[in-house]
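Open the structure in your viewer and keep the sequence panel beside it. The stops below each give a selection and then what is found there.

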Amino acid sequence: MMRYGPRRGNRMMGVTDTRNGRLRGVLILVLLLTLIVLAIVGVPAMKYRSDADSYMSARMLTECGAAMQRVQRLSRNASSTSAQTLSEVRSYLYSIDVLNQTHFALSGQYFIDASQFATIYGLLEEYASQLIQGSDTGTIQSSIASELQTLQERIQQIN
C-alpha cells in the first residue's frame with residue numbers, strides 16, 4: 001500500500017538551494033563590480049595624492065633654499081637692507097609652514113613638526129630685536145642658518 005501525503009525530501013530543498021545559489025552569484029557579481037569600480041577610481045586618486053605630496057615637499061625644499069640664501073645675506077650689524085631681508089626670510093619660512101599645514105589638513109600628518117617652525121620664528125624675532133638694539137647679531141644669525149639647515153635636511157628626507 002502506498003500512502004499519499006505531503007512530499008518530503010529533495011525537491012523542496014533543491015528549489016531553495018537554487019534560489020540561494022543564484023542570490024549568492026548575483027551578490028558576488030555585485031561585489032566584484034564594486035571592487036573593479038573602486039580600483040578604477042582609487043588608483044588615479046592614489047597617484048594624484050603621491051604627486052601632490054612630491055610637489056609639496058619639492059616646493060618646501062625650494063622655499064627653504066631661498067630662505068637660507070637670504071639668511072646668508074643678513075647683516076651682522078644694523079643696515080638698511082637687514083629688515084627687508086629678514087622679512088623675506090620670514091615669508092619663505094611662512095610658505096614652508098603653510099605647505100606643512102596644508103599637508104596636515106589633507107593627510108592628518110605633518111611633514112615637519114610644528115615646534116621646529118616655532119623655534120625658527122623665535123630666532124628671527126630675537127635677531128630683529130638685536131638688530132633694533134644695534135647689538136652684534138652674528139651668533140643668532142648662525143643659529144638661524146643652523147636651524148634652516150636642519151629644516152632642509154628634514155625636508156630632503158621626505159622625498
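A residue is called buried here if its relative accessible area is under 20%, exposed if over 50%, and partly exposed in between, with a 1.4 Å probe and protein chains only. Of the 159 residues of the protein chain, 28% count as buried. The model is predicted, so local features need pLDDT of at least 70 and side-chain atom pairs count only at pLDDT 80 or more, while totals for chains, interfaces and linings use all residues. Residues are numbered from 1 along each chain as its sequence is written, and side-chain values use heavy atoms, with hydrogens and water left out.

**Whole chain**

Start with a cartoon view of the whole chain. Helices (H or I, at least four residues) and strands (E, at least two) are DSSP runs, numbered from the N terminus. The protein chain has four helices and zero strands, in the order α-α-α-α along the sequence. A contact means heavy atoms within 4.5 Å. Among contacts between residues at least 6 apart in sequence, 73% join residues at least 24 apart.

**Helix α1**

Select residues 10-73, which form helix α1, and pick out M60. Is M60 buried or exposed? M60 is buried, with a relative accessible area of 0%. Leaving aside residues up to four places away in sequence, M60 touches I96, L99, N100, F111, I112 and I155. For one of these, N100, the C-alpha atom is 8.2 Å from that of M60, although the two are 40 residues apart along the chain.

Next select A58, also in helix α1. A58 counts as partly exposed, because its relative accessibility is 37%. Draw a distance from A58 to I155, C-alpha to C-alpha: the value is 8.3 Å, for residues 97 apart in sequence.

Then go to R70 in the same helix, α1. R70 counts as buried at 16% relative accessibility. Its contacts, not counting residues up to four places away in sequence, are T85, E88, V89 and Y92.

**Helix α2**

Select residues 82-107 for α2. This helix has 26 residues and reaches 37 Å from its first C-alpha to its last, close to the 38 Å expected at 1.5 Å a residue. The expected span is 1.5 Å times one less than the number of residues. Show side chains for the buried residues of α2: S82, T85, L86, V89, Y92, L93, I96, D97, L99, N100 and H103. Just after α2, select G108, where phi is positive at about 85 degrees.

**The aromatic pair**

Show the rings of F104 and Y110. Rings of Phe, Tyr and Trp (its six-membered ring) pair if their centres lie within 6.5 Å; planes under 30 degrees apart count as stacked, over 60 as edge-to-face and the rest as tilted. The count by this rule is one aromatic pair. The ring centres of F104 and Y110 are 4.3 Å apart and the planes lie at 10 degrees, so the pair is stacked. F104 is partly exposed at 34% relative accessibility, and Y110 is partly exposed at 38%.

**Helix α3**

Select residues 114-133, the 20 residues of α3; the expected span is 28 Å and the end C-alpha atoms are 29 Å apart, which agrees. Colour the buried residues Q116, F117, I120, L123, L124, Y127, A128, Q130 and L131. Looking down the axis of α3, these fall within an arc of 165 degrees, so they line one face of the helix. The arc is that of the directions from the helix axis to the C-beta atoms. The face turned away from the buried side carries the exposed residues I132 and Q133. The cover over the buried residues of α3 includes α2 and α4. G134, just after α3, has a positive phi of about 85 degrees.

**Where α2 meets α3**

Show α2 and α3 together: they pack at an angle of about 170 degrees, with their axes 11 Å apart. That makes α2 roughly antiparallel to α3. Angles under 35 degrees count as roughly parallel, over 145 as roughly antiparallel, 65 to 115 as roughly perpendicular and the rest as oblique. Axes are lines fitted to C-alpha atoms, for helices over the stretch in contact, and angles run from 0 to 180 degrees between N-to-C directions. Residues at this meeting include L86, L93 and D97 in α2, and F117, L124 and A128 in α3.

**Helix α4**

Finish with residues 138-158, α4. Its 21 residues should span 30 Å, and the end C-alpha atoms are 31 Å apart, which agrees. Buried in α4 are G138, I140, Q141, I144, A145, L148, L151, Q152 and I155. Down the axis of α4 these fall within an arc of 160 degrees, so they line one face of the helix. Turn to the other side of α4 for the exposed residues T139 and Q157.
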